[in-house]
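Here's an informal walk through one protein model, with the pocket up front and the rest of the fold after it. Keep the viewer open as you read.

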Amino acid sequence: MPKHSRRFAALQDKVDNNKSYAPDEALGVVKECANAKFDETVEVHLRMGVDPRHADQQVRGVVTLPNGTGRTVRILVFANPEGQTLAREAGADFVGAENLADEIMKGWTDFDVVLATPDMMRVVGRLGKVLGPRGLMPSPKTGTIIPAEELPRVINEARLGRVEFRVDKTSNIHVPIGKASFPQEKLLQNFAALMEALIAAKPATLKGNYIHRVTLASTMGPGVKTDIAAASALKADEVAA
């Protein structure tokens, strides 16, 4: 078992591991524990009751956090000449087609979001082994394969705080919801938006509990167990930010 630092041990003493905190209270503890020398990211970690080996129990989607993520997002767009013009005007960082694919095949991955128009999938398809493991492969399920005319809207959403969530092979989901420097109310509103999207993505065929555990934590801080029912009941438009 890895040995924690004295700093982490001191922070762990601030958390009652036998308690399921209300969402707002949990975020307060997370912020209190975020004392690293940089602005830590606040993350939501969920243990799901789905079996990702079954296609009908996949949980995947996107949500635009109302208060953003607090980080700079580098956007890459694969499009034809018309779409490239729209993407550049909308502020995409990298725009192209075969030229970008060639660079990625050589190992370049200095970007955070990949968008593609449907006609570009003949180019993007060969990048699956590079983009797939990084969660960057464009997909209709996450709204990252889109018509050229939709590029400005999606690029703007990505800038504002559009994040993807998906269950991994171990039935867990990990999603950033902002920075520790955010006011607590803004983090709570982002958390609420994520939970609403997650509830909406529940597989229709699932039997039993959908969510088994919700934990909030900062990058360098301890996990804070959060009440599942209270988290699932959150509504972003009811949270004052």
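## The largest pocket

Start with strand E6 (162-166), which gives the largest share of the lining of the largest pocket, 5 residues. Keep in mind that this is a predicted model. E6 isn't on its own here: E5 and strand E7 (172-179) also supply at least two residues each to that lining. In total 26 residues line the largest pocket, and those nearest its centre are Arg 71, Asp 112, Gly 135, Val 163 and Glu 164.

The volume comes out at about 600 Å³. If you're wondering about the chemistry of the wall, the lining splits into 12 nonpolar, 7 polar and 7 charged residues.

## Strand E5 and its neighbour

E5 spans residues 113-116, and the strand is covered on both faces. Val 113 and Leu 115 sit on one side, Val 114 and Ala 116 on the other, and all of them are buried.

What does E5 pair with? Strand E3 (residues 75-78) runs parallel to E5, and 4 bridges join them. For a spot to click on, take Ile 75, which stands opposite Val 113 in E5.

## Aromatic rings

There are 2 aromatic pairs in the structure. In one of them, Phe 94 and Trp 108 meet edge-to-face, at 4.9 Å centre to centre with 85 degrees between the planes. This pair ties together distant parts of the chain, 14 residues apart: Phe 94 belongs to strand E4 (residues 94-96), while Trp 108 is in the loop between helix H4 (98-105) and E5. Trp 108 also pairs with Phe 111: the ring centres are 5.0 Å apart and the planes are at 65 degrees, so this pair is edge-to-face too.

Put together, Phe 94, Trp 108 and Phe 111 make one aromatic cluster. Are its two Phe residues buried or partly exposed? Phe 94 is partly exposed, because its relative accessible area is 26% and buried means under 20%. Phe 111 has 3% relative accessibility, so it counts as buried.

## The nonpolar core

The largest nonpolar core holds 45 residues, and Phe 165, Phe 191 and Leu 198 have the most contacts inside it. Which elements give two or more residues to this core? They are helix H2 (23-33), strand E1 (41-48), E6, E7, helix H8 (184-200) and strand E8 (211-218). H8 contributes the largest share, 9 residues.

## E1, E8 and E9

E8 is mostly covered, with 6 of its 8 residues buried. On one pairing, E8 runs antiparallel to E1 over 7 bridges, and Val 44 has Leu 216 in E8 as its bridge partner.

E8 also pairs with strand E9 (residues 224-226), again in the antiparallel sense, through 3 bridges. One of the partnerships there puts Thr 215 together with Lys 225 in E9. The two strands, E8 and E9, form a hairpin with 5 residues between them.

## Two glutamates at the E1 end of things

Glu 40 is found in the loop between H2 and E1, and Glu 43 is in strand E1. Which of these is buried and which is partly exposed? Glu 40 has 1% relative accessibility, so it counts as buried. Glu 43 comes in at 23%, so it counts as partly exposed, given that buried means under 20%.

A couple of C-alpha separations help with orientation. Glu 40 and Ala 231 are 191 residues apart along the chain, and their C-alpha atoms are separated by 22 Å. For Glu 43 and Lys 129, 86 residues apart in sequence, the C-alpha to C-alpha distance is 27 Å.

## A backbone oddity

Most residues other than glycine have a negative phi. Ser 171 has a positive value, with phi near 70 degrees. You'll find Ser 171 in the loop between E6 and E7. Is this serine buried or exposed? Ser 171 is buried, because its relative accessible area is 9% and the cut-off for buried is under 20%.

Terms used: Residues numbered from 1 in each chain as written. Predicted model: local features only at pLDDT ≥ 70, side-chain atom pairs only at ≥ 80, totals over all residues. Heavy atoms only, no water. Buried < 20%, exposed > 50% of the residue type's maximum accessible area, 1.4 Å probe, protein only. Pairing = 2+ DSSP bridges. 1 Å grid on protein atoms, 1.4 Å probe; cavity = no way out; pocket = protein on both sides within 12 Å on 5 of 7 lines; lining within 4 Å. Points joined across faces, edges and corners; volume = space filled by probe spheres on them. Nonpolar A, V, L, I, M, F, W, Y, C, P; charged D, E, K, R; others polar. Phe/Tyr/Trp six-rings, centres within 6.5 Å; stacked < 30°, edge-to-face > 60°. Core = buried A, V, L, I, M, F, W, Y, C linked by side-chain atoms within 4.5 Å.
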